[in-house]
Amino acid sequence: MWSTADTDGKTEDSIYRIGSLSKLITAYTYLVEVGHAYWDRPVTDFVPELAAAATNCSFAEDPLECADWSSITLGALASHMAGIARGHTPAPPPTSVGGVPITSFGLPPKPPIALSQCSENPCSREDALNAFLQEPPTVLPFRTPAYSNGGYQILGYALENITGRTMEDLMDNDVFAKLDMGNSSYALKPNTTTGIIPGNVLSSYFAIPIGDAGAAGGVYSTQRDLEKFGQAVLNSTQISAADTRRWMKPLTHTSVWQQSVGLAWEIIRWQDQDRIVDVYTKQGDLGLYHSVIIIIPDYNVGLTVLTAGTGSAPTQLALSGLIMEILLPGLKATARSQAQTNLAGTYKVPSLLGVTLNSSITLTTEPGLPGLKVTNFTSNSTDVLNVGFPVIFNLPEAKTLDVRMYPTLIIKKLDDGCEVRKWHAVVTDPGVEYLSEQIRANNCVQWELLDLAVYGATGADEFWIKTDAERKGYSVEGRAFGLEMLKS
């Protein structure tokens, strides 16, 4: 039996269907089981039906009707770059819409090409693949992203082949159980009593099984469990930090500059004043259920929104957008406040036996601007900001320099609870004028300048900040200058 709790009865442990957010968990399950090792392998290595399809329906002979399965990799499927059909659930074609005959909309009474139907519910693997292989490709592989549910169902088949286990077993035991996501499951558990069900179990889609398509959109979960999942991603609980960083990157772009696509990720480049923040999301829709998870690596935070009911899709989108508009400025203000409290100030080389080297650096933050601004840097009585850096960074015409230090997240932890973090200074000339904003944006090439100026084996832009056990600044070391300056 299932409950029919309305929104008044929901808790963090109430169960929803999360639709296509399941794809993110499928990609994560891949990484838990086999890492990144298989993404560049062709899917025909792991799904024999597709290897046969590549022979029976040759892309070389008929590219209009036949997908190029031999060129499609597991990574292409995971990033929606395979160019294959969306993958519709085989069902009898409609004869009317809202009581109006289908012919009233310009369509013939029957489809010119009928889609194979399933012999059982949910569809068997054979029926699902037969129906899917009837549908022609949408675009060329690796040409442009084209969303595909069927691609993730096929990914599920491939991982089952690689591991010798079912997707349900892998997801339930190696992800949900290990992360203590006790109310999450690949398929509906018997005797579930905490489901949020708008309407009834069929009209809401709560209890309709979708079988092997679960890898694309069938997972059940809760607010609390998805919070645990997001924390596991941010903390690299089950996969290495390097694999996590590799996963959380765009693989292709859309026609809108603010949106990119990764391995299951739907990535938004959110403009927060003059700064771009990459926001990693995955949305899901199934029946009357709508979900989204949002992870912001720059701030190491995330959130989830789960809704159910008629009209809940626009509500979920509006709520997500409102949260982002409030959350990001708040995160930025908090980060700046913490940096100002913990790291800003003047650091000096102390006198030794009465000898003063006159070496110091002053760091501060500025509202609306990123990083730690360097307002003074003196090395052995030399004004580095106005004398040294213009020469070192080849900016001799600059009247003033803007020098900001940015964290690299390279951290060495010391036995006493202290940490040493590597920072890089970005040195620019704020007086440069550009003919247009587009030209200015095209010349934002700071990423090309890291470690450009070196003195011996050390970059002139490299600084180490040592913090105490309370994460407060203790010293700043200018590596190329041979100086360790202590907080004064």
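Select lysine 348 and leucine 486: the leucine, in β21, is the bridge partner of the lysine. The model on screen is a predicted one. Widen the selection to strand β11 (residues 345-348) and strand β21 (residues 483-487), and you have an antiparallel pair joined over 2 bridges.

Keep β21 selected and add strand β20 (residues 473-478). These two strands also run antiparallel, with 4 bridges between them. Leucine 486 appears again here, because strands of β20 and β21 pair: serine 475 stands opposite leucine 486 in β21. Now select the link of this hairpin. There are 4 residues between β20 and β21, and glycine 482 takes a positive phi near 65°.

**The sheet of six strands**

Next, select β5 to β10. They form an open sheet of 6 strands in the order β5-β6-β7-β8-β9-β10, and the pairing is antiparallel. Which strands lie at the edges? They are β5 (252-253) and β10 (301-308), each of which pairs on one side only. In general, the strands of a sheet are held in pairs through backbone hydrogen bonds, and the pairing may be parallel or antiparallel.

Inside this sheet, pick strand β7 (residues 266-272) and strand β8 (residues 275-286). They run antiparallel and are joined by 7 bridges. To see one matched pair, show glutamine 271 together with isoleucine 276, its bridge partner in β8.

Helix α8 (residues 223-235) can be added at this point. This helix packs on the sheet and touches β9 and β10, and its direction makes about 150° with that of β10.

Return to β7 and select isoleucine 267, which lies in that strand. Is isoleucine 267 buried or exposed? Its relative accessibility is 3%, and the cut-off for buried is under 20%, so isoleucine 267 counts as buried. Leaving aside neighbours within four places in sequence, isoleucine 267 has contacts that include Lys249, Pro250, Val261, Val279 and Tyr280. For a distance to check in the viewer, take the C-alpha atoms of isoleucine 267 and leucine 74: they are 193 residues apart along the chain and separated by 20 Å.

**Helix α1**

Now select residues 21-34, which make up helix α1. The helix has 14 residues and reaches 21 Å from its first C-alpha to its last, close to the 20 Å expected at 1.5 Å a residue. Helix α1 lies across β8 and β9 (289-296), running at about 110° to β8.

How many residues of α1 are buried? The number is 12 of the 14, so the helix is largely enclosed by the rest of the structure. Among the buried residues are Leu21, Lys23, Ile25, Tyr28 and Val34.

Threonine 26 is also found in α1. With 0% relative accessibility, threonine 26 counts as buried. Show what surrounds this side chain: beyond neighbours within four places in sequence, threonine 26 is in contact with Tyr152, Met167, Met171 and Ala215. Then step just past the end of the helix to glycine 35, which takes a positive phi of about 65°.

**Two helices side by side**

For the last stop, select helix α2 (residues 48-56) and helix α4 (residues 125-134). Their axes come within 11 Å and cross at roughly 30°. That angle makes α2 roughly parallel to α4. The crossing of the two helices is right-handed. To see where α2 and α4 meet, show Pro48, Glu49, Leu50 and Ala53 in α2 with Arg125, Leu129 and Leu133 in α4.

Key
Residues numbered from 1 in each chain as written. Predicted model: local features only at pLDDT ≥ 70, side-chain atom pairs only at ≥ 80, totals over all residues. Heavy atoms only, no water. Expected span 1.5 Å × (residues − 1). Buried < 20%, exposed > 50% of the residue type's maximum accessible area, 1.4 Å probe, protein only. Contact = heavy atoms within 4.5 Å. Axes fitted to C-alpha atoms, helices over the stretch in contact; angles between N-to-C directions. Parallel < 35°, antiparallel > 145°, perpendicular 65-115°, else oblique. Left-handed = near helix turned anticlockwise from the far one by under 90°.
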